[in-house]
Each structure stands twice: as structure tokens, then as C-alpha cells.
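Grab a coffee and open the model in your viewer. Here are a few exercises on helix packing, a ligand site and some backbone oddities, each with a worked solution.

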Amino acid sequence: MNTCVVGLQWGDEGKGKVVDLLGETADLVVRYGGGANAGHTVVRGRGEKSFALHLLPSGILRKNVLSVIANGVVVDGETLLEEIEGLSQRGIVVGKNLRISGRAHLVMDYHKKQDRLSEEALGAGKLGTTVRGIGPCYADKVTRTTGLRVEDLLDLGGLYERLKQIVDLKNRYFAAIYGDKEPLEADEIFSKCRRWAEVLGPMITDTTALLHRCWQEGKRILFEGAQGTLLDLDHGTFPYVTSSNSSGAGLSAGAGVPAKAVDCFLGVAKAYSTRVGSGPFPTEQDNETGRYIRDKGHEYGTTTGRPRRCGWFDMVSVGYSIKIGGIDELALQHLDTLSGLKELKVCRGYRYDGKKLDFFPAERRILEQVECAYETLEGFEEDISRVKDFAALPEAARKYVLRLEELLGIPITMVGVGPSREQMLLRRP
Ligand code: IMP
């Protein structure tokens, strides 16, 4: 059984915890998109060890699981080496248990610089990126002539020549467009690449061939999506999106296996909504309720530490994400965060210009102005973080989940009541 875990909102839905949990029965865990902009926090045991992963698949924390960084990921060698080093200091060895696609692209210093310069130049109109160089790296991939791939680390002579040309081009571009006066040194960047090559070289593999072999052999593969469907470059809230296909649609291009290799697309959503960075957010509660959710749910970015914008659960956008991704079932996270709110609201529909919309709108200007029609449900007061069984939840909490299930039309098979993987109530239809 192969599963693909996909975020249905604007990222940070708690996919890392779900992947960590499902990793128990997986042979391989595969990241297929995004880069070090992602932040997966995996917590082991109540209030115990917490691991913040950016590039490594969450499967890396489990023995006997092969972790794969597939071709659709953009690899920041600096972050990856830091992450590997950090884990080894905590007794988790990364070596033969990690395979990196030679087809994946490399995030270089000039990508991060370009991201920063571009955001600074945009000022108030900025995208609110993580400044991890993600957009510029994917842009170079599409441009082709300036893209560098992980496989280039296996030919350092050739890499050096390409780097000199590219860095010269980037320096001229930064100076001309942004008035930048601090040119980057190709030699300095190259010496970093040499270090990456030493550590990562033995892990570079044709992961497409590997995945097809494993699929044929009936190995259990868990695909781990990064970010969420509403941040998808094509299907999200453009231009306030990331630069990859972070919905389930990114799986085939990003891993080199067809969608039919997946038996279950498992969507992950919070029991409310959050968003980091700029962009439309119809159910946002920029008020006491939003602040309550942020504080109770510790809604601050794993990668940038930025406070997340918080709001009510949105049936329209999550329903859309379910359609885009062909989502079979749902893991609903952070139900515990809602405890203490007198009323819970769920957005059932959007109205624009006096008319009801029947689909999630593509136009940014419409999305920025829609009015939400809410259904109000009863809240619950109890601390549910120690509840072990769905049936033992307070009635109002149970009713909230069952109502979402009814409205979304897919089974909610997992309900998160706290950050650790033990705090997940499993429901099987
Ligand atoms: P970028 O991916 O760094 O270019 O950022 C583009 C948008 O995606 C910004 O709004 C970011 O805040 C958002 N974003 C990127 N990665 C994540 C994530 O892992 N969680 C939540 N938001 C993200």
C-alpha cells in the first residue's frame, strides 16, 4: 500500500507528524517537492524530543526506513549538511538510509540573495517568502541555462566552470537591477560545493529507477508532500504561492512515478486555518479569536519564526484542495487548539458581488473580497489532549469533526489532539 500525504491548506497542517506515524509501516519515505522552505516539526512522546526538519524526509527518524529526496525537490546543501550533522549529534545516523536524486536542483547562495533582494525591492508588495532561495532556484531550473543539479556535484571540474559563468551573470544582474555592490565569489561558493560533494556524493542515486524497482517489488512507499495545495504554483492563490506544485499534482513530476502508484491520497488539514506570508485568506480572524488560536496552537513558523495568521476552517478552499488532489481521506489536526472557544465557525460558502460562488475562485482580486457564509457550531471547554479514543471526546468536539466529515464528503480517519504522534485518534470507517 502506497500513500501520499498532502497538505490541504497553506502549509503547516502537521504533515510531519502524520508521516512520522505512518512511517511505522513504510519501507520508503519520499520527499517530492519544495525545499528548505518547508518546516516539519516531529515530536516524540509528550513534551519530549522535538525535531524540526526542513529538507530531510520525516522518515529519517525511523530505523529501517529508506528516505528519498526525489527530483522535484530543490536541495540547499548547506541546510542539508546542517540537518544531517544536527541529527548525528542526537544519535541519529544519516548515511545509507538517505538517497538523493541527481536530477534535483541545487539551491545556491545567489538564489537566497536573489530572493532577499527581490523581496526588499517589492517592499509592502512583497510575497512574504521564506527567503530560502526557493523561487529563484526553480526559476533557474525552468530557464535551464543557469540551473545546477545535484548530479553536477559528481563532476566538480565541470561544476566549477559553470559556476564561474553563472556567478558572473548573477552579479551583473544584481548590480544592474538592484544596485547591489557586494558581488559574490564563485570560488567561495565552489568550496562549499566541494564539501557537499564529499558528504552527499555517496547518496546520489537515480531515485526514479529506485522508486520503480521498489514499487514493482511491492515495497510500501510513503510520499511526503511539502507545503499545501493552496500554495501550489498552478492551483494555489497565485502569486502568493510557493514555486513548486505542492498539491498532489506535484507527485508524478516530482518523483517520476505515476499517480496510479499511490493507493491512498491522505489529505492533512487543521481544524481551523493558518497562513504565513502575504496573500488572500477569506476566513482570517485578525482579532481576539485569531490571537487565541495562535497562542494556544503555537502558530509560529518552523522555518522563519513568523507569527501565522489564523482563522476559521474553510470548507470552500479545503473542498477545492480535495478535488485537485483526488484526496481519499483526511487527517484533521489541532482539534485540541479549539478548546476554550465558545463557538466554532465553519465557512460554508463564498459570496462575491452579491452572488454565491460555486467554486474556489482563481482570481486574486475576487478572493481578496469574498464574503464568507458561516455555520456556527457549539464549542467545547475540556482539555482533550489526553483523550485516547474518538468516542471519549466531549460531544461538541465529536460533533464538530463529524460535521466537517459530512460537509467534506470524505472520511476523517485521524484526529490530532496534540503535537506528539501518540496524540492521534485513529478512526477507521
Ligand atoms: P517560498 O516558498 O519561500 O518562496 O515562499 C512563498 C510562500 O509560501 C510564502 O507565503 C511562504 O510563507 C509560504 N511557504 C513556503 N513554505 C512554507 C511552509 O512550509 N509552510 C507554510 N508556508 C510556506
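## Exercise 1: H2 against H6

H2 passes H6 in a left-handed crossing. Keep in mind throughout that this is a predicted model.

Task: work out how the axes of H2 and H6 are arranged, and which residues make the contact.

Solution. Start with the general recipe: two packed helices are described by the angle between their axes and the distance between the axes. Here H2 covers residues 77-89, and its axis comes within 10 Å of the axis of H6, with a crossing at roughly 45 degrees. H2 and H6 are therefore oblique to each other. Now for the side chains and backbone that touch: H2 brings Gly77, Glu78, Leu80, Leu81 and Ile84, while H6 answers with Lys192, Arg195, Trp196, Val199 and Leu200. Sorted by class, this contact of H2 with H6 holds six nonpolar, one polar and three charged residues.

## Exercise 2: H6 again, now with H5

Task: describe how H5 crosses H6, then find which residues meet.

Solution. First the geometry: helix H5 (residues 156-178) and helix H6 (residues 186-200) have axes that come within 10 Å and cross at roughly 145 degrees. The handedness is next, and H5 passes H6 in a right-handed crossing. Then list the partners. From H5 you get Leu156, Leu159, Tyr160, Leu163, Lys164 and Val167, and they meet Ala186, Asp187, Ile189, Phe190, Cys193, Arg194 and Ala197 in H6. By class, that contact of H5 with H6 comes to 10 nonpolar, no polar and three charged residues.

## Exercise 3: H3 and H4

Task: decide whether H3 is parallel or oblique to H4, and say what the contact is made of.

Solution. Look at the axes: those of helix H3 (residues 109-122) and helix H4 (residues 134-143) come within 7 Å and cross at roughly 120 degrees. That angle makes H3 oblique to H4. The crossing of H3 and H4 is right-handed. On the H3 side, Tyr110, His111, Gln114 and Asp115 meet Ile134, Pro136, Cys137 and Asp140 of H4. Count by class and the contact of H3 with H4 has four nonpolar, two polar and two charged residues.

## Exercise 4: around the ligand

Task: which residues come nearest to the ligand, and where are oxygen atoms of the ligand placed relative to Asn37, Arg306 and Gly128?

Solution. There are 16 residues around the ligand, and Asp12, Asn37, Thr130, Thr242 and Arg306 come nearest. Next, go through the polar atoms. An N or O atom in the Asn37 side chain is 2.8 Å from an oxygen atom of the ligand. For Arg306, a polar side-chain atom lies 3.0 Å from a ligand oxygen atom. With Gly128, the partner is a polar backbone atom, 3.4 Å from an oxygen atom of the ligand.

## Exercise 5: backbone and a long span

Task: is the peptide bond from Phe238 to Pro239 cis or trans, and which element holds Gln227?

Solution. Check omega first: it is near 5 degrees from Phe238 to Pro239, and the bond is cis. Pro239 itself lies in the loop between strand S10 (221-228) and helix H8 (250-255). Gln227 is found in strand S10, and its phi is near 55 degrees, a positive value in a residue other than glycine.

Task: how far is Thr289 from Met108, and which residues does Thr289 touch?

Solution. Locate Thr289 in helix H9 (residues 288-296). Thr289 and Met108 are 181 residues apart in sequence, with their C-alpha atoms 41 Å apart in space. Leaving out residues up to four places away in sequence, Thr289 touches Trp312 and Leu341.

How values were computed
Residues are numbered from 1 along each chain as its sequence is written. This is a predicted model: local features need pLDDT of at least 70, side-chain atom pairs count only at pLDDT 80 or more; totals for chains, interfaces and linings use all residues. Side-chain values use heavy atoms; hydrogens and water are left out. Axes are lines fitted to C-alpha atoms, for helices over the stretch in contact, and angles run from 0 to 180 degrees between N-to-C directions. Helices (H or I, at least four residues) and strands (E, at least two) are DSSP runs, numbered from the N terminus. Angles under 35 degrees count as roughly parallel, over 145 as roughly antiparallel, 65 to 115 as roughly perpendicular and the rest as oblique. A crossing is left-handed if the near helix is turned anticlockwise from the far one by less than a right angle, and right-handed if clockwise. Contact means heavy atoms within 4.5 Å. Ala, Val, Leu, Ile, Met, Phe, Trp, Tyr, Cys and Pro count as nonpolar, Asp, Glu, Lys and Arg as charged, and the others, Gly among them, as polar. A residue is near a molecule or strand if one of its heavy atoms lies within 4 Å of it. A polar contact is a pair of N or O atoms within 3.5 Å; within protein, one must be able to donate a hydrogen and the other to accept it, and residues adjacent in sequence count only if both atoms are side-chain atoms.
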